[in-house]
Structure formats: C-alpha cells, structure tokens
Amino acid sequence: ASLLPPLEVADNPQEDLKIALELFQKLILILSGASSTFEDRENNKDYKYIWNWLCFVIKYPKIKHTALQITGKQGDGKGTLKEIMELIVGKDKVYVSINPARDVFGNFNEGCKNALFIIFEEASKSCMSKNGGTGQLKSLITDPTLIINEKHKPAYQIHSNIHIIAFSNTNNAITDIPTDDRRMCAFRTDSETLFETLEEKAQFYHDIHTKVIENERALRFLY
C-alpha cells in the first residue's frame, strides 16, 4: 500500500479526530523524553524536533537531513510509532532491520530500494560494526543517491529518499555521537512522567491503538 489519501476536514475537526491528534502528540512527547507537560509541549524543543522531523519527511521526502536515535525501555511506544508510520506511508515504504550490517550495509541491500523510512530495531554498535557500517551510515543519511545490489542482478543507482530511525535500549546505540554532530539526533524516552498510575499508562496505549492505529479516518487526518 502507498500513502493514505489525506482527510480533508474543517478548521474545527470533530472530537474523535482531536482525540487522535492529542494521542499521537502525547506519543511523540514520550519518545522525546517528556521534559515538559503535555500542555507546554509547543515550548519543548525535543518534542518539536521529532514532530517537525516526521512532518518534514512526509511532506518533503526527497530532502535528506538527519537521522533519529530513540532509546528507551520496552513498551514506551517505539514500536507504536513504527506501526503508525507503516499505516500512513505504506509497509512497502518502511524497511525494518534488526541486522543493518547484513540488510543495509551488506552485499545485498534490495530491501532499501523502495524505502522512505529505514528503521533499525534493537540497534546496537555490534550490528553496525561490520562492513564499515558506521561510516556508510553517514553517507546513507545525507547522500542523495544509493547503489542497490540485488542477487543475480547488476548493481544500479537510485535516488535515495531514505530517512533513518534507530530504536534501541542502549545509549549511543548505533554510533558515538559527538556533541557537534549534524547527522544524528538522540533522544531517550520517558513514559513515566506523564502518567500518575500504571492504569493510566495502560489506558493511553490502549487508546492509541483503538483510536489511532485501528481508525483509518484518524490516520488520514494525521497525514
């Protein structure tokens, strides 16, 4: 499937769409580190960076800029973001790899050819270290073209619309990030600050699945 058709709405969307938007915004706030209240999110530079990064990729997919590294505990919503992106842009545009050294930087990388997002799941330095992966990563983030190698076919060059998100439980999961690095932006999730009880947290993740992920109208509205 390709991009969902956007949902045209009035200036004041219906209540269910407002709820879906707030749930998605809260997810982004969690992934950014929740260093502000939900009400003050627009003054939170980390929240705004991830929000604007996702919006920019969807609106201007051909423009390369930075990659995101999001570190956090299991269950904080990293997989939820992946699932929402798959539903909005299409699973064929989201290439998920648990072994980038093999799937992305190895001898054969045909899985990358249609990708808008490449998501490294459970990213670690060890899975990036083979085949010069860290050096190749910098090129993959910013270079406008990519050589595709498929089995039993000549290599060929494509225009690269690839944007990278690395999910991990480990700090500096894919490379050591200098403070002046211009390619990588790192965030640590926080799903505790926004919720007073475990029941409130569980209700949030239930709601984002039923009111966003399982609601095509809401997904079209987000797009």
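## Salt bridges and the sheet

Glu192 is partly exposed, with 40% of its relative accessible area open. Keep in mind that this is a predicted model. The partner of Glu192 is Lys201, and their side chains meet in a salt bridge with N and O 3.4 Å apart. Lys201 comes out at 16% relative accessibility, so it counts as buried, the cut-off being under 20%. The story doesn't stop at that pair: salt bridges with shared partners tie Lys73, Glu192 and Lys201 into one network.

In total, the structure holds nine salt bridges. Here are some of them, with the N to O distance:

| Salt bridge | N to O distance |
|---|---|
| Lys82 and Glu121 | 3.5 Å |
| Lys93 and Asp92 | 3.2 Å |
| Lys201 and Glu192 | 3.4 Å |

Lys82 and Glu121 link distant parts of the chain, being 39 residues apart. Lys82 sits in helix H3 (residues 78-89), while Glu121 is in the loop between strand E3 (117-120) and helix H5 (125-128). How accessible are the two ends? Lys82 counts as buried because its relative accessibility is 18%, which falls under the 20% limit. Glu121, at 23%, is partly exposed.

The bridge between Lys93 and Asp92 joins two residues that are both in the middle class: Lys93 is partly exposed at 27%, and Asp92 is partly exposed at 39%. As for the general idea, side chains of opposite charge can pair when their charged atoms come close.

Now for the sheet. What is the strand order, and is the pairing parallel or antiparallel? Five strands make an open sheet, ordered E2-E3-E6-E1-E7, with parallel pairing. At the edges are strand E2 (94-97) and strand E7 (184-188), each of which pairs on one side only. From one strand to the next, the twist averages 20 degrees.

Zooming in on one pairing, strand E1 (residues 67-71) and strand E6 (residues 163-168) run parallel and are joined by four bridges. If you want a residue to click on, try Thr71, whose bridge partner in E6 is Ser168.

Helix H3 brings the two topics together. The helix lies across E1, E2, E3 and E6, and runs at about 150 degrees to E2. H3 is also the helix that holds Lys82, the residue that forms a salt bridge with Glu121 in the loop after strand E3.

Note on methods:
Residues are numbered from 1 along each chain as its sequence is written. This is a predicted model: local features need pLDDT of at least 70, side-chain atom pairs count only at pLDDT 80 or more; totals for chains, interfaces and linings use all residues. Side-chain values use heavy atoms; hydrogens and water are left out. A salt bridge is a side-chain nitrogen of Lys or Arg within 4 Å of a carboxyl oxygen of Asp or Glu. Buried means under 20% relative accessible area, exposed over 50%, partly exposed in between (1.4 Å probe, protein chains only). Two strands pair if DSSP finds at least two bridges between them. Axes are lines fitted to C-alpha atoms, for helices over the stretch in contact, and angles run from 0 to 180 degrees between N-to-C directions. Contact means heavy atoms within 4.5 Å.
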